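Colleague: Please take a close look with me at a single part of this model, and then show me how that part sits within the rest of the chain. I work at the bench, so please explain each term as you come to it.

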Amino acid sequence: EKILTLFKIIDLDQKIAKHAGKISRDTGIFGFDAIVAATALELDAQVATSNTKHFSKIKNLKLYSLKK
């Protein structure tokens, strides 16, 4: 539980949900991945992922590669 204090909880609001829907329609990326991407775009944040190829379909999304 202590580690959770290091993270900020972001509510899934209507703006993020609509953005996730647009990402799904435009790229074929669905579900949690679309929500994560939409949240990052709305907050101007990076997505840390080991699957940069998957997320690279999303315009203006900043990625941080976890691959070594």
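Modeller: Helices (H or I, at least four residues) and strands (E, at least two) are DSSP runs, numbered from the N terminus. The model is predicted, so local features need pLDDT of at least 70 and side-chain atom pairs pLDDT 80 or more, while totals for chains, interfaces and linings use all residues. Residues are numbered from 1 along each chain as its sequence is written, and side-chain values use heavy atoms, without hydrogens and water.

The part I would choose is the largest pocket, an open set of points on a 1 Å grid over the protein atoms alone, where a 1.4 Å probe fits and protein lies on both sides within 12 Å along at least five of seven lines. Its volume, the space filled by probe spheres set on the points, comes to about 160 Å³. Ten names make up the lining (residues with an atom within 4 Å of a point), namely H19, K22, I23, D26, T27, L41, K57, I58, K59 and N60. Helix 1 gives the largest share of that lining, with 5 residues.

To place this pocket in the fold, the protein chain has 3 helices and 2 strands, which follow one another from the N terminus as α-α-β-α-β. Its C-alpha trace spans about 40 × 35 × 20 Å along the principal axes. Of the 68 residues in the protein chain, 24% are buried (under 20% relative accessible area, with exposed meaning over 50% and partly exposed in between, for a 1.4 Å probe and protein chains only).

Two of the lining residues, K59 and N60, deserve a closer view. K59 is found in the loop between helix 3 and strand 2, and K59 counts as exposed because its relative accessibility is 68%. D26, which also belongs to the lining, is 33 residues away from K59 in sequence, yet the C-alpha atoms of K59 and D26 are 9.9 Å apart in space. N60 lies in the loop between helix 3 (52–55) and strand 2 (62–65), and N60 too is exposed, since its relative accessible area is 64%.

The backbone of N60 is worth noting as well. Most residues other than glycine have a negative phi. N60, which is not a glycine, has a positive phi near 70°. D44 is another non-glycine residue with a positive phi, of about 55°, and D44 sits in the loop between helix 2 (31–43) and strand 1 (46–49). With a relative accessibility of 56%, D44 is therefore counted as exposed.

Helix 1, which supplies the largest share of the lining, also holds S24. S24 counts as buried because its relative accessibility is 14%. Apart from neighbours within four places in sequence, S24 is in contact (heavy atoms within 4.5 Å) with I29, F30 and A34. For the protein chain as a whole, 17% of the contacts between residues at least 6 apart in sequence join residues at least 24 apart.

The segment before helix 1 (14–27) contains L4, which is exposed because its relative accessible area is 58%. L4 and A45 are 41 residues apart in sequence, and their C-alpha atoms are 18 Å apart in space.
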